[in-house]
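Hi,

Here is the structure I promised to pass on. Have a look at it first, and my notes follow underneath.

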Amino acid sequence: MKNYVIIGNGAAAVGAIEGIRSVDSEGRITVISAENHHVYSRPLISYLLEGRTDEKRMLYRPEDFYEKNRAEVLFGEKAAKLDPKAKKVTLESGRALSYDSLCVATGSTPFVPPIDGLESVKNRHSFMTLDDAEALERDLDPEASVLIIGAGLIGLKCAEGILSRCKKITVCDLAPRVLSSILDGDCAALMQAHLEGLGIEFLLGDTVEKFSGKTAVMKSGKEVSFDVLVTAVGVRANVSLVKDAGGEVGRGILADSKMKTSLDDVYAAGDCAEITDMTSGEKKVMAIMPLAYIGGHCAGVNMAGGDESLENALPMNSIGFAGLHCMTAGSYVGECFEEKTERGIKRLYTKDNLLKGFIIIGDVDRAGIYTSLIRNKTPLDSLDFEILKKSPSLAPFGKAYRLEKLGGEV
Ligand SMILES: Cc1cc2nc3c(=O)[nH]c(=O)nc-3n(C[C@H](O)[C@H](O)[C@H](O)COP(=O)(O)OP(=O)(O)OC[C@H]3O[C@@H](n4cnc5c(N)ncnc54)[C@H](O)[C@@H]3O)c2cc1C
């Protein structure tokens, strides 16, 4: 009987468990979980603060998931050391686990910026885990002013989550625009205006130089007083177990299309892994939930002796802030088709007869069709792209394609 160990207990770990079980119903699965919670959907922590969900509805898999998959979870245990020669993982508690095949699914850790006086700030939070959200909630009150450092996805999701729970929210970022890693200037301005309309204040191109009690002194010289501070400047992939064991890492743990690392019988998946972006050919950490699951599943199948590859990974984001939706995917390279309407902005990027990426703010209906074009590498001259770029629908695809993708008569 094969002995599988998975480090981490997020979407990638669930994928790995289900991948293993799709091939091997007998082997022993042990999951090491630093967090003391049944697996939950991390993006929902802002909805929890908004009161739109609760812990029960946040579960990523039903309560009996581990039991049904015969996976033993060691809750509240942290892996401290990996010995790939002895095929052994040592926990912080001192316990050692041996494995035949290991999946590292350790996700990432919020980066806390080194700012003068930060250590002395009380009511300081990150926004990554269920415990973080609950701790933040305890510090909020209707009179509180909140300062969020970071106008990326996590900072803005946090702002949205606490909007009705405090008096004032200020978001600052060294970048000159919101969501700077996925949006260009015009699109970011549209999103910023929408969020300002909700009452969120922004200080962009500016950041905190030092803290003095409950006052943040900005680089620009401005002073912002606050009761609660959230740092959301970015995350770092948790690579140290593999790195310290001699495995290859970049920004994440390097994994091939089978999710195998450079260490024998060690796989990596999810936010801790660096894999190939099919739209650019570059190795990247693509920290999104669907990819964490798919990568984990691929790792699990291969760990159990099956054969699965992940060849079509691409960065994607689908987010909405209080009614304004935004979808992005792939690389923004090549020729750009742009459409601006009252409802928003659409930009499609094409190169070598392929759709390579897009940004859409506003009307995101059926934008998934564009994602499929990228993922399937559909040659644009095989369909009526002139129609499709204005309005995503299946009509511009040839009948054969529609039959293949949808089945039956269409
Ligand atoms: C606020 C927020 C909003 C988000 N919104 C979206 C969204 O809208 N769409 C989207 O696609 N993605 C979103 N994401 C990202 C998404 O949540 C992640 O991509 C996904 O959760 C990654 O899954 P994972 O299993 O790789 O890592 P994680 O879910 O982070 O799980 C890793 C687990 O490993 C544990 N761990 C780490 N080290 C050890 C160790 N040494 N021993 C034991 N356990 C360890 C960690 O404690 C953690 O529980 C969001 C993230 C946040 C924080």
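A quick one to start: which residue in the turn between strand 25 and strand 26 has a positive phi? Keep in mind while you look that this is a predicted model. The residue is Asp352, with a phi of about 50 degrees, and the hairpin that strand 25 and strand 26 form has 2 residues between the strands.

Staying in that region, strand 26 covers residues 354–361 and runs antiparallel to strand 25, with 7 bridges joining the two. Arg347 has Ile359 of strand 26 as its bridge partner. On the other hand, strand 25 (residues 344–351) is also joined by 7 bridges to strand 24 (residues 335–341), again antiparallel. Phe337 is bridged to Leu348 in strand 25, and strand 24 and strand 25 make a hairpin with 2 residues between them.

Now the overall layout. The domain assignment splits the chain into domain 1 (3–109 + 235–303), domain 2 (118–231) and domain 3 (323–406). The centres of domain 1 and domain 3, taken over C-alpha atoms, are 32 Å apart.

You'll probably want the ligand next. It is surrounded by 33 residues, and the closest are Gly8, Gly10, Pro43, Gly107 and Gly270. Sorted by class, that shell has 19 nonpolar, 9 polar and 5 charged residues. Domain 1 and domain 2 each give at least three residues to the shell. As for the elements, at least two shell residues come from each of helix 1 (11–21), strand 2 (28–33), helix 2 (45–50), helix 5 (153–162) and helix 8 (289–303).

Some of those elements turn up again around an open sheet of 5 strands, ordered 3-2-1-7-19 with parallel pairing. Strand 3 (71–75) and strand 19 (266–268) are at the edges with a single partner strand each, so one side of each has no neighbour in the sheet. From one strand to the next, the twist averages 20 degrees. Helix 1 packs on this sheet, where it touches strand 1, strand 2, strand 3 and strand 7, and its direction is at about 165 degrees to that of strand 1. Helix 8 lies across strand 1, strand 7 and strand 19, at about 170 degrees to strand 7. Inside the sheet, strand 1 (residues 3–7) and strand 7 (residues 101–104) run parallel and are joined by 4 bridges; Tyr4 has Ser101 in strand 7 as its bridge partner.

Helix 5 has a second role too: together with strand 10 and strand 11 it makes a right-handed β-α-β unit. From strand 11 the chain then crosses through helix 6 (residues 185–197) to strand 12, and this crossover is right-handed as well. Strand 10 (residues 145–149) runs parallel to strand 11 (residues 168–173), with 5 bridges, and strand 11 pairs in the parallel sense with strand 12 (residues 200–204), also over 5 bridges. Val171 is a handy marker here, as Ile148 stands opposite Val171 and Val171 stands opposite Phe202 in strand 12.

Last item: an open sheet of 3 strands, in the order 18-20-21, has mixed pairing. Its edge strands are strand 18 (253–254) and strand 21 (283–284), each pairing on one side only. Strand 18 pairs with strand 20 (residues 273–276) in the parallel sense over 2 bridges, and Leu254 stands opposite Glu274 in strand 20.

Cheers

Terms used. Residues numbered from 1 in each chain as written. Predicted model: local features only at pLDDT ≥ 70, side-chain atom pairs only at ≥ 80, totals over all residues. Near = placed C-beta within 6 Å. Nonpolar A, V, L, I, M, F, W, Y, C, P; charged D, E, K, R; others polar. Domains from an automatic or database assignment. Pairing = 2+ DSSP bridges. Axes fitted to C-alpha atoms, helices over the stretch in contact; angles between N-to-C directions. Contact = placed C-beta atoms within 7 Å. Right-handed = clockwise from strand over helix to strand, strands pointing away.
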